[in-house]
Amino acid sequence: MIPGNSLTLIPVPTSFSGARALTVTRTVDYEDGGIAIQDPSQGSNYQRWRGRLIGDDIILDAPEVEPFTVFSAPGITEFSFTFDQNMRPAIAYVQAGVAKLRWFDSAANAQVITTYPGAITPRVTLDDKRFTQTSSSDVILGYVRDGALYYRQQRDRYTVERLLDPGPHIGLVKIGFNVKLSLQFLMEIKR
């Protein structure tokens, strides 16, 4: 959950924590997570997970988990992944130029895919992985649309779009918890 649905008035950029501190690309991402898929028993910071886009496959693995394909779809050009509070993957990706989110919808009791026309560089994270924050944490979907930074959250079933910053921005690199215990957005800038 993002308090007040807004960024802090005075930015305090710092290092990302855990797996989010690693360098990501459009085809490789890292996230902290639990011991296994659908097993949150050891918390959301048990081990570092790696996600890779290889061909049409999004593949996840971790030190104690052999590589496996989460799903396949033609035309994926970039992705980001996280896990919800029950260690179910949530994957933001771009397929054939369209931003999408593959997530577990508890109302449907199934994995669903939601499309976000006009959005670019979709990125996801579980905002607070501390065991004590399980009841208030949210999977956050961030993206840029028309140069502005927006986000949606799991508790709204990703249906409510909230403006965070009017920009102009050219893309979102990653989002995640930082070492000062705040959610941080790393934006792509023009060079």
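The following legends describe close-up views of a predicted model.

Local features are described only where pLDDT is at least 70 and side-chain atom pairs only at pLDDT 80 or more, whereas totals for chains, interfaces and linings use all residues of this predicted model. Residues are numbered from 1 along each chain as its sequence is written, and side-chain values use heavy atoms, with hydrogens and water left out.

**View 1. Surroundings of Arg20, in the segment before strand 1.**
Strands here are DSSP runs of E with at least two residues, numbered from the N terminus. Arg20 has a relative accessible area of 2% and is therefore buried (buried means under 20% relative accessible area, exposed over 50%, and partly exposed in between, with a 1.4 Å probe and protein chains only). The side chain of Arg20 forms a salt bridge with that of Glu31 at 2.9 Å, N to O, where a salt bridge is a side-chain nitrogen of Lys or Arg within 4 Å of a carboxyl oxygen of Asp or Glu. Because Arg20 lies in the segment before strand 1 and Glu31 in strand 1, the pair ties together parts that are eleven residues apart in sequence. Glu31 is buried, as is Arg20. The side chain of Arg20 also reaches the backbone oxygen of Val124 at 2.7 Å (a polar contact is a pair of N or O atoms within 3.5 Å; within protein, one must be able to donate a hydrogen and the other to accept it, and residues adjacent in sequence count only if both atoms are side-chain atoms). Leaving aside neighbours within four places in sequence, the residues in contact with Arg20 include Asp29, Tyr30, Ser80, Phe81, Thr82, Lys174 and Ile175, contact meaning heavy atoms within 4.5 Å.

**View 2. Salt bridges of Glu188 and Arg152.**
The structure holds 14 salt bridges. In one of them, Glu188 pairs with Arg26, the closest N and O atoms being 3.3 Å apart. Glu188 lies in strand 14 and Arg26 in the segment before strand 1, so this pair ties together parts that are 162 residues apart in sequence. Both ends are partly exposed, Glu188 with a relative accessible area of 29% and Arg26 at 35% relative accessibility. Arg152 and Glu161 meet through their side chains in a further salt bridge, at 3.7 Å, N to O; Arg152, at 12% relative accessibility, counts as buried, whereas Glu161, with a relative accessible area of 30%, is partly exposed. Salt bridges that share partners join Arg26, Glu78, Arg123 and Glu188 into one network.

**View 3. The largest nonpolar core and a second, separate one.**
A nonpolar core is a set of buried Ala, Val, Leu, Ile, Met, Phe, Trp, Tyr and Cys residues joined through side-chain atoms within 4.5 Å. The largest core has 16 residues, of which Trp49, Ile58, Phe71, Ile76, Phe79, Phe81 and Ile91 touch the most other members. Strand 2 (47-54), strand 3 (57-62), strand 4 (65-72), strand 5 (76-83) and strand 6 (89-95) are the elements that give two or more residues to this core, and strand 5 supplies the largest share, four residues. The second, separate core has 15 residues, among them Leu101, Tyr116, Ala148 and Tyr158.

**View 4. Gly147 and the cis peptide bond from Gly167 to Pro168.**
Gly147 sits in the loop between strand 10 (139-145) and strand 11 (148-153) and is buried, with a relative accessible area of 17%. Beyond its neighbours within four places in sequence, Gly147 is in contact with Pro166, Gly167, Pro168 and His169. Pro168 belongs to the loop between strand 12 (162-165) and strand 13 (171-177), and the peptide bond that leads to Pro168 from Gly167 is cis, with omega near 15 degrees.

**View 5. Two loop residues with positive phi, Ala96 and Leu181.**
Most residues other than glycine have a negative phi. Ala96, which is not a glycine, has a positive phi of about 50 degrees; Ala96 lies in the loop between strand 6 and strand 7 (98-105) and is exposed, with a relative accessible area of 68%. Leu181, likewise not a glycine, has a positive phi of about 65 degrees and is placed in the loop between strand 13 and strand 14 (183-188).
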